[in-house]
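Trainee: I've just opened this one and don't know where to start. Could you walk me through it?

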Amino acid sequence: MKTRPIALSVNGHCHTLDLPPETPLLYILRNDLGLNGPKFGCGLGECGACAVLIGKRAVRACTISVAAAEGRAIVTLEGLGTKDKPHPVQQAFIEQQAAQCGYCLNGMIIATTALLLRDAQPDESAIRAALSRHLCRCGTHIEILAAARRASE
Ligand code: FES
């Protein structure tokens, strides 16, 4: 496959890598940059486990190419907060004990953060709409919704 230098801005750091432009962003985040917050779930844009923030949107990193992400500010779960100092959305998810297996939480947290960037006080329907295309196979939707509500308080 033909490669070219691609400059990616991830969590405030610039990385220039020689890549095939059509490479899914998720592969580079996880395999080259060691950022395992975004998860590989379906690889088809269906589950939301791989979401990252680009601007104020939650974008599925398995379906966006590195070429399409080039020059845009990408924020992964690792760029939101730290273990010692979680982002308020992460803190709300911890306090509501929203994780069961935890695989979906990256997408849930990124989607909630994106929503709050666009609307600081979303109503219930806006929260549900923002999370509706994020799948949780454990069924902890009640806690996840509670966490998203708490984050918006
Ligand atoms: Fe990207 Fe499922 S892994 S949407």
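What follows is a chat about the predicted model, going from domains to single residues.

Trainee: How many residues does each domain put into the contact between them?
Mentor: Start with the split: the domain assignment gives domain 1 (4-79) and domain 2 (80-151). Their C-alpha centres lie 20 Å apart. As for the contact, it takes 16 residues from domain 1 and 15 residues from domain 2.

Trainee: Which element gives the most to the side of domain 1 that touches domain 2?
Mentor: Strand E3 (51-54), strand E4 (57-60) and helix H3 (77-80) each supply at least two residues of that side. The residues there divide into 9 nonpolar, 4 polar and 3 charged. With 3 residues, the element that gives the most to this side is E3.

Trainee: Okay, on to the sheet. Which are the edge strands?
Mentor: Read off the order of this open sheet of 5 strands, with its mixed pairing: E2-E1-E5-E3-E4. Neighbouring strands are turned by 40° against each other on average, direction ignored. An edge strand here pairs on one side only, and that picks out strand E2 (13-19) and E4.

Trainee: Which residue of E5 does Val 10 stand opposite?
Mentor: Look at both neighbours of strand E1 (residues 4-10). On one side, E1 and E2 pair in the antiparallel sense over 7 bridges, and Val 10 stands opposite His 13 in E2. On the other, 2 bridges join E1 to strand E5 (residues 73-75), and these two run parallel. There, the residue opposite Val 10 is Ile 74.

Trainee: And which residue in the turn between E1 and E2 has a positive phi?
Mentor: E1 and E2 form a hairpin, with 2 residues between them. In that turn, the residue with a positive phi of about 55° is Asn 11.

Trainee: What about the hairpin of E3 and E4: which residue takes a positive phi there?
Mentor: E3 and E4 pair in the antiparallel sense over 4 bridges. Ile 54 stands opposite Arg 57 in E4. There are 2 residues between the strands, and the one with a positive phi, near 65°, is Gly 55.

Trainee: Which helix lies across E3 and E4, and at about what angle to E3?
Mentor: It's a helix that also matters for the count in the largest nonpolar core, where H5 gives the most, with 7 residues. Helix H5 covers residues 105-118 and lies across both strands. Its angle to E3 is about 25°.

Trainee: Which residues have the most contacts inside the largest nonpolar core?
Mentor: That core has 43 residues, and it draws at least three from each of domain 1 and domain 2. Take Ile 110: leaving aside neighbours within four places in sequence, it is in contact with Ala 51, Val 52, Leu 53, Ala 58 and Leu 77. As a general point, nonpolar side chains tend to be buried together in soluble globular proteins. The residues with the most contacts inside this core are Ala 51, Ala 61, Ile 110 and Ala 111.

Trainee: What do the buried residues of H1 pack against?
Mentor: In helix H1 (residues 25-32), the buried residues are Leu 25, Leu 26, Ile 28 and Leu 29. Just after H1, Gly 34 takes a positive phi of about 65°. As for the packing, the buried residues of H1 sit against E1, E2 and helix H2 (66-69).

Trainee: Why does His 87 count as partly exposed?
Mentor: First, place it: His 87 is in the loop between H3 and helix H4 (88-95). Leaving aside neighbours within four places in sequence, His 87 is in contact with Leu 80, Gly 81 and Thr 113. A residue is buried with 20 or more other C-beta atoms within 10 Å and exposed with 12 or fewer. His 87 falls in between because its count of C-beta neighbours inside 10 Å is 17.

Trainee: Last one: is Pro 20 buried, exposed or partly exposed?
Mentor: Pro 20 lies in the loop between E2 and H1. Leaving aside neighbours within four places in sequence, Pro 20 is in contact with Met 1, Lys 2 and Thr 3. Since Pro 20 has 13 C-beta neighbours inside 10 Å, it counts as partly exposed.

Methods
Residues numbered from 1 in each chain as written. Predicted model: local features only at pLDDT ≥ 70, side-chain atom pairs only at ≥ 80, totals over all residues. Domains from an automatic or database assignment. Contact = placed C-beta atoms within 7 Å. Nonpolar A, V, L, I, M, F, W, Y, C, P; charged D, E, K, R; others polar. Pairing = 2+ DSSP bridges. Axes fitted to C-alpha atoms, helices over the stretch in contact; angles between N-to-C directions. Core = buried A, V, L, I, M, F, W, Y, C linked by C-beta atoms within 7 Å.
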